[in-house]
Amino acid sequence: MTEADIIARTPAPRTRASLARDLHLLGVEPGIVLLVHSSLSAVGWVNGGPVAVIQALQDVLTPEGTLVMPAHSGGLSDPAEWQNPPVPPAWVEEIRATMPAYDLRYTPTRGMGVIAELFRTWPDVLRSSHPLSSYCAWGQHARQVTGGHALVNSMGEQSPLARVYDLDGWVLLLGVGYDSNSSFHLAQYRAPGAPRKQEMSPMIRHGKQGWFPFDDVDLDADPFPAIGEAMEQALPVTIAPVGSATARLFRQRPAVDLATRWLSEHHRRANPQAPGAQ
């Protein structure tokens with residue numbers, strides 16, 4: 001979508017103040033922990049672009065709150081596994097040999113949108129240490145959310161998602177659907193029967209750079225829209241516009257609990273002979 005297209009469908013400029021007002025009306029309150037997945041183009045034409053969006057979020061949360069965004073860098077995965085897009089097989093070894101190692105200071109996000117990418121560089125924002133599935137956070141609980149991110153089980157119990165769960169945080173889907181709701185990944189670790197896979201990423205460990213393997217769940221967002229639909233039937237989800245975007249606001253903890261039950265039932269139906277399926 002071009003900027004002209006965005007202007008054409010925006011009835012009036014979106015501003016830091018107007019977005020803060022919309023966020024307040026949606027239900028975002030000072031002092032909460034808020035995990036945001038976002039699309040700038042969905043918000044409409046914003047005076048100041050992603051800067052104004054981040055400022056509006058911080059204005060509403062205040063420094064007593066905590067703002068969290070994904071900073072995933074999926075490009076630091078094994079190039080032999082790439083599908084979107086794939087690379088010629090003849091390239092794989094050279095890519096492995098020359099790919100820069102993960103560095104939380106400057107490795108860019110991939111596929112997270114311009115708001116999350118700018119937030120990564122924002123003053124006083126901390127970033128977790130995972131080479132594929134890092135998160136950034138600002139505010140009162142930023143250190144607690146981003147600290148101790150384990151390499152194994154990247155979005156499991158030793159991840160920022162679990163810390164947001166512990167803090168009884170909220171999720172804001174700002175112009176994106178449930179397929180972007182990474183909190184449902186935490187449920188994939190908690191529901192028995194999830195398939196697993198080996199990952200590897202370029203890192204610097206103990207002073208040495210190389211490709212290091214780690215074990216993880218084979219993460220799959222395909223069920224997330226169906227889980228989101230079930231969640232809206234069972235749990236409070238506030239749906240309202242923020243700028244031109246449709247925004248959804250809900251508590252993360254009951255959403256993850258529901259997703260865990262949904263996925264557990266799905267696994268039982270798919271594998272009726274598995275232990276514990278009866």
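This is a short tour of a predicted model, one selection at a time.

**Stop 1: the sheet**

Start by showing the strands. You should find an open sheet of 7 strands, running in the order β3-β4-β2-β1-β5-β9-β8, and the pairing is mixed. Strands of a sheet pair through backbone hydrogen bonds, either parallel or antiparallel. Now colour β3 (126-127) and β8 (238-242): these two stand at the edges with a single partner strand each, so one side of each has no neighbour in the sheet.

While you are here, add helix α2 (residues 16-26). Helix α2 packs on the sheet and touches β5, β8 and β9. Its direction makes about 170° with that of β8.

**Stop 2: strand β1**

Next, select β1, residues 33-38. Which strands does β1 pair with? One is β5 (residues 170-174), in the parallel sense over 5 bridges, and another is β2, also in the parallel sense, over 3 bridges.

Click on Leu 34 to look both ways: Trp 170 stands opposite Leu 34 in β5, and Leu 67 stands opposite Leu 34 in β2. Then try Val 36, whose bridge partner in β5 is Leu 172.

How many residues of β1 are buried? The count is 6 of its 6, so the strand is mostly covered. Turn on the side chains and you can sort them by face: Val 33, Leu 35 and His 37 lie on one side, with Leu 34, Val 36 and Ser 38 on the other, and both faces are covered.

**Stop 3: helix α9**

Move on to α9, residues 183-190. Here 7 of the 8 residues are buried, so the helix is largely enclosed by the rest of the structure. The buried ones to select are Ser 183, Phe 184, His 185, Leu 186, Ala 187, Gln 188 and Tyr 189. What do they pack against? Show β1, α8 (160-166), β5, β7 (208-217), α10 and α11 to see the surroundings.

**Stop 4: where α9 meets α10**

Keep α9 on screen and add α10, residues 224-234. The two axes come within 11 Å and cross at roughly 100°. That angle makes α9 roughly perpendicular to α10. To see the contact itself, pick Phe 184, His 185 and Gln 188 of α9, plus Phe 224, Ile 227, Gly 228 and Met 231 of α10. Sorted by class, this contact has 4 nonpolar, 3 polar and no charged residues.

**Stop 5: the two sides of α10**

Hide α9 for a moment and look at α10 alone. Phe 224, Ile 227, Gly 228 and Met 231 are buried. Why do they sit on the same side of α10? Because they cover an arc of only 100° around the axis. Rotate to the face turned away from that buried side, and you meet the exposed residues Glu 229 and Gln 233. Bring the neighbours back: the buried residues of α10 pack against α9, β9 (245-251) and α11 (252-270).

**Stop 6: Leu 76 in its loop**

Last, find Leu 76 in the loop between β2 (66-70) and α5 (92-98). Is Leu 76 buried or exposed? Leu 76 is buried, because its relative accessible area is 11%, and the cut-off for buried is under 20%. Among the residues Leu 76 touches are Met 99, Tyr 102, Pro 131, Met 200 and Trp 211. Ala 101 is also touched; Leu 76 and Ala 101 are 25 residues apart in sequence and 7.9 Å apart in space, C-alpha to C-alpha.

Definitions and conventions. Residues numbered from 1 in each chain as written. Predicted model: local features only at pLDDT ≥ 70, side-chain atom pairs only at ≥ 80, totals over all residues. Heavy atoms only, no water. Axes fitted to C-alpha atoms, helices over the stretch in contact; angles between N-to-C directions. Helix = DSSP H or I, 4+ residues; strand = E, 2+ residues; numbered from the N terminus. Parallel < 35°, antiparallel > 145°, perpendicular 65-115°, else oblique. Contact = heavy atoms within 4.5 Å. Nonpolar A, V, L, I, M, F, W, Y, C, P; charged D, E, K, R; others polar. Buried < 20%, exposed > 50% of the residue type's maximum accessible area, 1.4 Å probe, protein only. Arc of directions from axis to C-beta. Pairing = 2+ DSSP bridges. Lists of a residue's contacts leave out its neighbours within four places in sequence.
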